[in-house]
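Me: I am new to this structure and would like a close look at one single part of it. Please take me through that part carefully, and then show me how it fits with what lies around it.

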Amino acid sequence: MRRVDASVKFVTFIDAMLSLVVTQDVLPEAEGAQHTAQSSGLFGIGLGALTMVIGLWMLLRRRWAAVDSVLDSEQ
């Protein structure tokens with residue numbers, strides 16, 4: 001159950017970040033600001049990189065826990 005909770009939290013976090021990207025794109029464009037697409041694109045790339053780092057951390061943390069449990073069972 002713990003893995004499912006972590007996965008749901010991660011998906012919810014990703015959804016919130018995508019909402020931020022859309023908001024960052026719509027508000028300046030509604031005001032007629034220049035370079036809206038470039039700044040929104042960079043913001044989206046930054047949040048995508050953060051998402052990848054968090055996903056890798058979750059994956060590696062799970063593998064480290066599996067390795068620790070194997071080492072504990074051998075002792």
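Reply:

**A close look at Thr51**

Thr51 has its place in helix α2, where helices are DSSP runs of H or I with at least four residues, strands are runs of E with at least two, and both are numbered from the N terminus. This is a predicted model, in which local features need pLDDT of at least 70 and side-chain atom pairs count only at pLDDT 80 or more, while totals for chains, interfaces and linings use all residues. Residues are numbered from 1 along each chain as its sequence is written, and side-chain values use heavy atoms, with hydrogens and water left out.

With a relative accessible area of 18%, Thr51 is buried, a word that stands for under 20%, with exposed meaning over 50% and partly exposed in between, for a 1.4 Å probe and protein chains only. In the chain, which has 75 residues, 12% count as buried.

The side chain of Thr51 reaches the backbone oxygen of Leu47 at 2.8 Å. Leaving aside residues up to four places away in sequence, Thr51 touches Phe10, Ile14 and Met17, where contact means heavy atoms within 4.5 Å. With the same residues left out of the count, Leu47 touches Met17 and Val21.

The largest nonpolar core consists of six residues, namely Phe10, Ile14, Met17, Val21, Leu47 and Met58; such a core is a set of buried Ala, Val, Leu, Ile, Met, Phe, Trp, Tyr and Cys residues joined through side-chain atoms within 4.5 Å. Helices α1 (2-30) and α2 (36-74) each supply at least two residues of this core, and α1 gives the most, with four.

Key: Polar contact = N/O pair within 3.5 Å; in protein donor to acceptor, adjacent residues only side chain to side chain.
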